[in-house]
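Good morning, colleagues. Please bring up the sequence and the model, and I shall then walk through them part by part.

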Amino acid sequence: ALDAPASISPALQAALQALADSRGDQRGQVAVGLPSRVARTLSASLVADFHRRFPRAVITVSEVTSSVLCEWLLLGRVNVALLLDPPRSGDMELELLHTEELVLVGPSAHRGARASKTLSLEDLPSYPLILPRVPNATRSVLEAAVGKRGIHLDVVTEADTVQSILELVTARLGYALLPHGSVKKDGEKFSVMHFGPPGLHQGIFMATSKRQRRGVLVGEIERLLRSFDLPK
């Protein structure tokens with residue numbers, strides 16, 4: 001009887017897989033989680049660039065809050081996520097991709113004399129604030145900063161999305177604390193006030209779970225996220 005063909009060696013398997021990857025023959029699925037305001041900027045480019053490399057693979061993009069994405073990553077619902085100042089966890093690997101400045105945003109024609117003023121945190125109680133509901137990364141940065149100084153904020157409204165917050169600011173119903181990149185394109189519509197040194201900042205981190213296997217598709221998503229110019 002003829003001998004059965006020898007099994008493929010691990011080295012040959014690795015070489016064949018590398019060849020398939022180089023040809024874009026990699027199949028499978030990868031799930032990416034993006035905060036809503038980042039997703040509006042990155043989603044189309046991320047999907048297009050990913051499919052150019054792996055046209056037969058499936059990419060899923062989830063757009064929710066950073067706090068929800070943190071939970072989904074640990075539960076295995078997404079493979080890679082961008083998180084805003086996430087809590088440190090022994091189950092996650094975090095890589096800082098970008099630091100963004102937080103600014104106070106008001107309607108352009110209101111308090112115009114103060115629009116170019118550099119603020120201190122002690123100035124904030126005089127501004128009625130429109131803030132996102134807890135849990136929220138931007139709000140956590142603000143509350144941690146003022147909490148250290150015993151400053152009490154005048155929070156008059158809570159809204160969940162940047163779009164809703166900006167609509168309320170436009171209606172002259174208060175001021176918002178937002179990443180500067182959120183209003184750069186609409187500079188004529190709003191007054192933007194910066195905080196004096198050291199200022200207020202939050203980080204955008206790329207996160208993966210140590211509980212999940214990191215394959216070729218996850219590696220490609222990580223490479224693409226590192227290559228993009230994130231909102232500034």
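In this predicted model, the side chains of Glu95 and Arg226 meet in a salt bridge, with 3.0 Å from N to O. Glu95 lies in strand E4 and Arg226 in helix H6, so the bridge ties together parts of the chain that are 131 residues apart in sequence. Are the two partners buried or exposed, or something in between? Glu95 counts as partly exposed, because its relative accessibility is 29%. Arg226 also counts as partly exposed, with a relative accessibility of 42%.

Helix H6 takes part in another such pair. The side chains of Glu220 and Arg53 form a salt bridge at 2.9 Å, again N to O. Glu220 is in helix H6 and Arg53 is in helix H2, so that 167 residues separate these distant parts of the chain. Glu220 has a relative accessibility of 3% and therefore counts as buried. Arg53, at 34%, counts as partly exposed. Through salt bridges with shared partners, Arg53, Glu220 and Arg223 are joined into one network.

Let me add a further pair, Asp91 and Arg211, whose side chains meet in a salt bridge of 2.8 Å, N to O. Here both residues are in loops: Asp91 between E3 and strand E4, which covers 92-107, and Arg211 between E9 and H6. The pair thus ties together parts that are 120 residues apart in sequence. Asp91 is partly exposed at 29% relative accessibility, whereas Arg211 is exposed, with a relative accessible area of 53%. A search of the whole structure finds 12 salt bridges.

I turn now to the overall architecture. The protein contains 6 helices and 9 strands. It has 232 residues, of which 42% are buried. Among contacts with a separation of 6 or more, 77% are between residues 24 or more positions apart.

Next, the nonpolar interior. In soluble globular proteins, nonpolar side chains tend to be buried together. Which residues of the largest nonpolar core touch the most other members? They are Leu46, Phe50, Leu82, Ile221 and Leu225, in a core of 23 residues. At least two residues of this core come from each of strand E1 (29-34), helix H2 (36-53), strand E3 (80-84), strand E9 (201-209) and helix H6 (216-227). Another core lies apart from it and has 18 residues, including Leu104, Leu129, Leu131 and Leu177.

Two individual residues deserve a closer look. The first is Ile165, which is placed in helix H5, residues 162-170. With a relative accessibility of 2%, Ile165 counts as buried. Beyond its neighbours within four places in sequence, Ile165 is in contact with Ile130, Pro132, Ala159, Ala176 and Leu178. From Ile165 to Tyr175 there are 10 residues in sequence and 8.7 Å in space, C-alpha to C-alpha.

The other is Ser62, in strand E2, residues 58-63. Why does Ser62 count as buried? Its relative accessibility is 16%, and the cut-off for a buried residue is under 20%. Setting aside neighbours within four places in sequence, Ser62 is in contact with Val32, Gly33, Leu34, Leu69, Trp72 and Val78.

Finally, let us consider the empty space. Rolling a probe the size of a water molecule over the atoms shows where such space is left. The largest pocket holds about 670 Å³. Its lining consists of 30 residues, and those closest to the centre are Thr65, Ser66, Pro135, Asn136 and Ala137. Which elements give two or more residues to that lining? They are H2, helix H3 (66-75), helix H4 (137-147), H5 and strand E7 (175-179). By type, the lining residues of the largest pocket divide into 17 nonpolar, 8 polar and 5 charged.

As for enclosed space, the structure holds 1 cavity of 30 Å³ or more. The largest cavity has a volume of about 30 Å³. What lines the largest cavity? The residues are Asn79, Thr208, Ser209, Gln212, Arg213, Arg214 and Val218, and they divide into 1 nonpolar, 4 polar and 2 charged.

To return to the opening topic, the bridge between Glu95 and Arg226 joins strand E4 to helix H6, and helix H6 also supplies residues to the largest nonpolar core. Thank you for your attention.

How values were computed. Residues are numbered from 1 along each chain as its sequence is written. This is a predicted model: local features need pLDDT of at least 70, side-chain atom pairs count only at pLDDT 80 or more; totals for chains, interfaces and linings use all residues. Side-chain values use heavy atoms; hydrogens and water are left out. On a 1 Å grid over the protein atoms alone, a cavity is a set of points where a 1.4 Å probe fits but cannot get out, and a pocket is an open set with protein on both sides within 12 Å along at least five of seven lines; lining residues have an atom within 4 Å of a point. Grid points are joined across faces, edges and corners, and a volume is the space filled by probe spheres set on the points. Ala, Val, Leu, Ile, Met, Phe, Trp, Tyr, Cys and Pro count as nonpolar, Asp, Glu, Lys and Arg as charged, and the others, Gly among them, as polar. A nonpolar core is a set of buried Ala, Val, Leu, Ile, Met, Phe, Trp, Tyr and Cys residues joined through side-chain atoms within 4.5 Å. Buried means under 20% relative accessible area, exposed over 50%, partly exposed in between (1.4 Å probe, protein chains only). Helices (H or I, at least four residues) and strands (E, at least two) are DSSP runs, numbered from the N terminus. A salt bridge is a side-chain nitrogen of Lys or Arg within 4 Å of a carboxyl oxygen of Asp or Glu. Contact means heavy atoms within 4.5 Å.
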